[in-house]
Amino acid sequence: MTNIAIIKFPGSNCDLDVKKIYEEILDVKAELIWYKQDIEKDYDGVIIPGGFSYGDYLRSGAIAAKTPIMESIKEYADNGGKVFGICNGFQILTEVGLLPGTLMTNKYPKFKCQSTYIRIESNSSVFTSNYNENEVIKIPIAHKDGNYIAKEKTYREIKENDQIAFKYVDEKGRTTQKSNPNGSKDNIAGVMNQEKNILGMMPHPERASDKLLRSNDGLKILKSIT
Ligand SMILES: NC(=O)CC[C@H](N)C(=O)O
């Protein structure tokens, strides 16, 4: 039976939303794992949900990245396990070095909570293969530190290796400055590691996974690891 682990740090606040989508919409078991526990090998996927781990002190995700559970998540990913970080989870995965690049404070330095359109840049991964390449989906963001940057060399590498999963676009699928909500380099909204078993994204698919939420465009991302 499929079993998903959802990691909870002090300050995580999207863990129950993710759990609800797995259990009530996808009929999949999802367990909350407090950060003081270890990750066991038999989970089908590990999710690091959104929120404000450790109050975003120092930098978003910086303190959570130093906790022992991240060591066991590294080991889990090294053995091919699927790891998915949403928003603060994405920030933690970059801080720990499991994903390339860094998430800086938004260009206009305020917390932004709004709908965004994102385009599937690569559907050659377990996380995105249920979408068409270049498909445009609508998923909301809610963050202050979502401005993705990468060194030129890293940027070239992630482009060449097809590691850019999503870009912010307008309704028609065009990458414009206006459709970029936070100043991210090249409108990047989500990236993967080279092996494509780790994904991080700033938009919240769990907030677009039920018709009651007016969009279930994000459901296929959560379903992909079941
Ligand atoms: N929704 C979230 O995960 C918030 C992310 C993060 N703490 C920020 O504001 O940038």
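Which residue, with a positive phi, follows α3? The residue is Gly-97, and its phi is near 90 degrees. The model is predicted, and the paragraphs below go from its sheet to its helices and then to the ligand.

The sheet is open and is formed by 9 strands, with mixed pairing. Read across, the order is β2-β1-β3-β4-β11-β10-β9-β6-β7. Its edge strands are β2, residues 29–34, and β7, residues 136–143, each of which pairs on one side only. Direction ignored, neighbouring strands of this sheet are turned against each other by 25 degrees on average. One of the pairings joins β1, residues 3–8, to β3, residues 45–48; the two strands run in the parallel sense and share 3 bridges. Within this part of the sheet, Ala-5 stands opposite Val-46 in β3.

Two helices can be placed relative to these strands. Helix α2, residues 68–78, lies across β1, β3, β4 (83–86) and β11 (198–201). The angle between α2 and β4 is about 130 degrees.

Helix α3 spans residues 88–95 and is mostly covered, with 8 of its 8 residues buried. The buried residues of α3 include Asn-88, Phe-90, Ile-92 and Leu-93, and also Gln-91 and Glu-95. Among the elements that cover them are β3, β4, β5 (102–104) and β11.

Asn-88 also belongs to the surroundings of the ligand. There are 13 residues around the ligand, and those that come nearest are Gly-50, Cys-87, Asn-88, His-143 and Asp-145. By type, the residues of this shell divide into 4 nonpolar, 6 polar and 3 charged.

Definitions and conventions: Residues numbered from 1 in each chain as written. Predicted model: local features only at pLDDT ≥ 70, side-chain atom pairs only at ≥ 80, totals over all residues. Near = placed C-beta within 6 Å. Nonpolar A, V, L, I, M, F, W, Y, C, P; charged D, E, K, R; others polar. Pairing = 2+ DSSP bridges. Helix = DSSP H or I, 4+ residues; strand = E, 2+ residues; numbered from the N terminus. Axes fitted to C-alpha atoms, helices over the stretch in contact; angles between N-to-C directions. Contact = placed C-beta atoms within 7 Å. Buried ≥ 20, exposed ≤ 12 C-beta atoms within 10 Å, placed from the backbone.
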